[in-house]
Amino acid sequence: MTYEMGADAHDAGTEAHDEGAGRQLLPIATAARTRGAVGEVLRGYRPLALGGFGTIVVATAIGLLTQPLLGRIVDLVADRRPPDAITLTVVLLVAVAVAQGVTTGLGLSLVSRLGESVLAQLRERFVERALGLPLEQVEKAGSGDLTVRVTGDVSLIAGAVRNALPELARSMVAIVLTLGALAVLDWRFLLAALLAVPVQVHTARWYLRGAVPLYAEQRVATGAQQQQLLGTIGGSSTVRALRLEKDHAARVGQRSAAAVDVTMRGVRLVLSFYCRLHLGEFIGLAAVLATGFWLVRGGSASLGTATAAALYFHSLFTPINSALVLLDDAQKATAGLARIVGVADLPLPVQPERPATPRDASVTVTGVGHSYQPGHPVLHEIDLDLKPGERVALVGASGAGKTTLAKLIAGIHRPATGAVRLGGAGLDALGPDATRRTVALITQEVHVFAGPLADDLRLARPRATDAELREALDRVDALSWAEALPEGLATVVGDGGHRLTSAQTQALALARLILADPPVAVLDEATAEAGSTGARALEKAAARAVDGRTALIVAHRLTQAASADRIVVMDAGRIVETGTHDELLAAGGRYAALWEAWSDTRNDTRNADS
């Protein structure tokens, strides 16, 4: 079970991978596959789809009675009929308006329900696949790509489903039925109206050719911008410490400028689209009016019929413009939908038919090597054994490969060479589910989920009782502050709720570890964010949390290492020393040098404080 995954690279290999190899974005579905995915979901809602679109057809057909009734009034006036002659026609117009309003509302409601149902199912598939993605793949893609898909793309599709889809359906039906009504009046009116079609079709095809790739490019540019912003803000302390503010500001500016450039290209495309569209409207209306004049003059049609034809064509302006405007929204939504389907179509992690069962809580690392970028290994022939219940501290300078080794043991990454075994079983033989049950990884970056504190804890053990929650909190010295919250364990924490301190957040992660109760725990600098004030207390809490488990602790403070059963020292991706605290100090090697430097720093800090 992996609770938290650090977004920042903790060793030089990860950093090289991020900067040198670039991001491997999550897949984007093809247009054909996107249509196929929507079609697969729609099959389960066929009655709702037929009912919704059928009702819209009826509503549009009723609305088409308006123009002939208005034409009838024109004929009655032209014939100088008495005023009461139009009474029946006016009553029919009112009835048509009422009937069309009721059926249109019902049809739009059914289509909206259809769209929301389809979106909900696609969203659920997306979330299921996203949560099941190997964390290595998420790291390679970058959190920005997944974040934009979860937020921006889903919001874009939701807006299109709620607003564009019902109106687009109604507009398309109105266009088809109105053209049919023109043919019923006189086939020559239809021919005149169709003169606008070549211009409109050419305009639509020209627009689609440019819009589809442009909006896909826009989503990618936005994802890159989001990734850069997340990286800069998330690592702001490091950026300031290394005086890289100008460099990162320039990077954000470059990504933002790229996103703005793509957006402005889209604006220019839309403006050109409307200019061409208005030309088609002018051609069509002029042709219908000329045809009406010719037919009325020749006695082939009445003035009322010509009026109805002109009104029919004029009424096409709204649905055609709506359809083409909504086509713009549809293209944006389609680009987002392709990104959602691209993730939703990813296969779930393969589970072995008969998952192996660990015989004990041991960890065996044999000949493990790993690299994030070909030709740049960050681990070399690592051999390491952890006995059941043993607490091993992993120490070394920044960039030594500690975090990479921790993630390999936790099953986040698969080693490029060698093998990792938990209780004698390989990670592939265990499968993802069994691996998560066997080993838990906690890093220094802990997420607090929005909601009651008790619900946050129950993520680790859904059926845990209140007494078990309190026991877990008590073991990590968090019960007192938890019960002191405004509503105790029912207090809403996370976004929009009560804000927890760094030390409280870390204690919450340790309490989750106790509730999950895996036999193996990996702590990757899990107490680093607590600050010096609560460091000792949190280290004691971490020791109690891993009590009785096999534990690999990437030590941020060497006091953690000193209390471990064994210390493993890494340098440049290799294990260079191993032994107890006293043994390594006596050896006078790399660990002794680290301990001396760390002790001097602590003494200097104490002297400065005093």
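This is a short talk about the overall build of one protein chain and about one of its sheets.

Okay, hi everyone. Before anything else, please keep in mind that what you see on the screen is a predicted model.

Let's start with the whole chain. We have 610 residues here, and 45% of them are buried. In terms of secondary structure, the chain holds 22 helices and twelve strands.

So how does the radius of gyration of the chain stand against that of a compact globule of 610 residues? The globule would come out near 25 Å, but our chain has 34 Å. You can also put a box around the C-alpha atoms along the principal axes, and that box is roughly 115 × 55 × 50 Å.

What about contacts? Take the ones between residues at least 6 apart in sequence: 79% of those join residues at least 24 apart.

Now the outside. The chain exposes about 29400 Å², and 59% of that comes from carbon and sulfur atoms. As for charges, there are 58 positive and 61 negative ones, and their mean positions lie 8 Å apart.

Right, let's zoom in on a sheet. Find strand β1, residues 363–373. Is it mostly covered or mostly open? Mostly covered: eight of its eleven residues are buried.

β1 has a partner in β2, residues 376–386, and the two run antiparallel with seven bridges between them. If you want to trace that pairing by eye, try T364, which sits opposite D385 in β2. Further along, H370 has L379 of β2 as its bridge partner. The hairpin that β1 and β2 make has two residues between the strands, and G375 there takes a positive phi near 85°.

β1 also pairs with β4, residues 417–422, again antiparallel, through five bridges. Here you can look for V363, with L422 of β4 facing it.

And a quick reminder for anyone new to this: strands in a sheet pair through backbone hydrogen bonds, and the pairing can be parallel or antiparallel.

Put together, we get an open sheet of four strands in the order β2-β1-β4-β5, with antiparallel pairing. Which strands stand at the edges? Those are β2 and β5, and each has a single partner strand, so one side of each is left without a neighbour in the sheet.

One last thing to try when you rotate the model: in a regular strand, side chains alternate between the two faces of the sheet. Okay, that's me done, thanks!

Conventions: Residues numbered from 1 in each chain as written. Predicted model: local features only at pLDDT ≥ 70, side-chain atom pairs only at ≥ 80, totals over all residues. Heavy atoms only, no water. Rg over C-alpha atoms; globule rule 2.2 N^0.38 Å. Buried < 20%, exposed > 50% of the residue type's maximum accessible area, 1.4 Å probe, protein only. Contact = heavy atoms within 4.5 Å. Areas by Shrake-Rupley, 256 points an atom, 1.4 Å probe, with all protein chains shown as cover. Lys, Arg positive; Asp, Glu negative; His and termini not counted. Charge placed at Lys NZ, Arg CZ, Asp CG, Glu CD. Pairing = 2+ DSSP bridges.
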